[in-house]
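Got your viewer open and a selection box ready? Let's walk through this one stop at a time.

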Amino acid sequence: MSNVEPASERPIHLHPTAALAERVLLPGDPGRALALAQSLLAEPRMFNHHRGLWGYTGAASDGEPLTIQATGMGGPSAAIVLSELIVLGARRAIRVGTCGALDPALELGELVIASEAVAADGTSRALGAGGRVCADEPLTRALAAAAPGARVGAVESVDLFYERGPRRAQADALAIEMEAAALFALGADAGIAVACVLAVSDTFATNGDRRRIEDRALSAAAERMGAVAAKALAV
């Protein structure tokens, strides 16, 4: 039996003002949704602006429709948005977001493809996830083919951006973020393909000090990430 309550037939949080594509990119940041729409879509039309969750639909480089919809921050908001997108007809989705590096070899701006997520957040557990939840394998392979230089592996999904005390991450996790586990769990339950590619926005010294990427470098990394995800969805 499903652990997920079906969304209303009339979505509450998304108020579509344009058609929804069956394939969707899911940035957290509304500003990134706009930037990706400008770089990836021909003649983008606003799909949603309700609650500040900007979304856009247009033609991707392969000529087929693509929707880019912001989810907001954290698993609860991301789960609401994806649930309503599924009701509206979304069938494949890729999270395009940022992460903090746990592997010290990762550099700012580098791309990470999440093959699975450690469920250290409350939302994925509420959705029935165990200790880990996997991304869709074919879609993850398509991401890896589109970005052969990206690192592929586990990420850890958490609820807190500003943690207190020492970071207790899983030893094999490449990076830490806030939405992938919830999206993977929801996608698996609903029977839709969900994958994730991330840009490293933060690295951490051994004493926990954070080093943040510069805005211009983050914009460039996000554009690369979006292009990779759009290419994977075109397969």
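Which element gives the largest share of the lining of the largest pocket? Select strand E5, residues 92-101: E5 supplies five residues, the largest share of that lining. Keep in mind throughout that this is a predicted model.

**Stop 1: the pocket**

Stay with the largest pocket, which holds about 500 Å³ of space. Its lining has 26 residues, and to find the centre you can select Met-73, Thr-98, Phe-161, Met-178 and Glu-179, which lie nearest to it. Now colour the other elements that, like E5, give at least two residues to the lining: helix H1 (30-40), strand E9 (175-177), strand E10 (193-204) and strand E11 (210-212). If you colour the lining by residue character, you get 10 nonpolar, six polar and 10 charged residues.

**Stop 2: strand E1, next to E5**

Select residues 23-26, which make up strand E1. E1 and E5 run parallel and are joined by four bridges. For one of the pairings, pick Leu-26 and look across to Arg-95, its bridge partner in E5. E1 also runs parallel to strand E4 (residues 65-69), with two bridges between them; here, show Val-24 and find Thr-67 of E4 opposite.

Which way do the side chains of E1 point? Arg-23 and Leu-25 go one way, Val-24 and Leu-26 go the other, and all are buried. That fits a general pattern: in a regular strand, side chains alternate between the two faces of the sheet.

**Stop 3: the nonpolar cores**

Which residues touch the most other members of the largest nonpolar core? Select Leu-82, Leu-85, Val-155 and Phe-184, the best-connected of its 38 residues. E1 and E5 turn up again here: along with helix H2 (75-88), strand E6 (111-119), helix H5 (180-190) and E10, each supplies at least two residues of this core.

Zoom in on Leu-82. Setting aside neighbours within four places in sequence, Leu-82 is in contact with Leu-26, Ala-93, Leu-183, Leu-186, Gly-187, Ile-192 and Val-194. Leu-26 is the E1 residue you paired with Arg-95 a moment ago.

Then hide that group and bring up a second, separate core of 33 residues; Ala-37, Ile-113, Ala-229 and Ala-232 are among them. As background, nonpolar side chains tend to be buried together in soluble globular proteins.

**Stop 4: Val-152**

Ile-113 leads to the next pick, since Val-152 touches it. Val-152 is in strand E8, residues 151-157. Buried, exposed or in between? Val-152 is partly exposed, because its relative accessible area of 45% falls between the 20% and 50% cut-offs. Besides Ile-113, Val-152 touches Ser-115, Ala-144 and Leu-174, leaving out residues up to four places away in sequence. If you want a distance to draw, try the C-alpha atoms of Val-152 and Arg-141: they are separated by 9.6 Å, with the two residues 11 apart along the chain.

**Stop 5: two positive phi angles**

Finish with a pair of backbone spots. Select Glu-43 in strand E2, residues 42-48. Glu-43 is not a glycine, yet its phi is positive, about 50°. At 73% relative accessibility, over the 50% cut-off, Glu-43 counts as exposed.

Now move to Arg-51, in the loop between E2 and strand E3 (55-59). Arg-51 is another non-glycine with a positive phi, this time about 60°. Its relative accessibility is 61%, so Arg-51 counts as exposed too.

Notes:
Residues are numbered from 1 along each chain as its sequence is written. This is a predicted model: local features need pLDDT of at least 70, side-chain atom pairs count only at pLDDT 80 or more; totals for chains, interfaces and linings use all residues. Side-chain values use heavy atoms; hydrogens and water are left out. Buried means under 20% relative accessible area, exposed over 50%, partly exposed in between (1.4 Å probe, protein chains only). Contact means heavy atoms within 4.5 Å. On a 1 Å grid over the protein atoms alone, a cavity is a set of points where a 1.4 Å probe fits but cannot get out, and a pocket is an open set with protein on both sides within 12 Å along at least five of seven lines; lining residues have an atom within 4 Å of a point. Grid points are joined across faces, edges and corners, and a volume is the space filled by probe spheres set on the points. Ala, Val, Leu, Ile, Met, Phe, Trp, Tyr, Cys and Pro count as nonpolar, Asp, Glu, Lys and Arg as charged, and the others, Gly among them, as polar. A nonpolar core is a set of buried Ala, Val, Leu, Ile, Met, Phe, Trp, Tyr and Cys residues joined through side-chain atoms within 4.5 Å. Two strands pair if DSSP finds at least two bridges between them.
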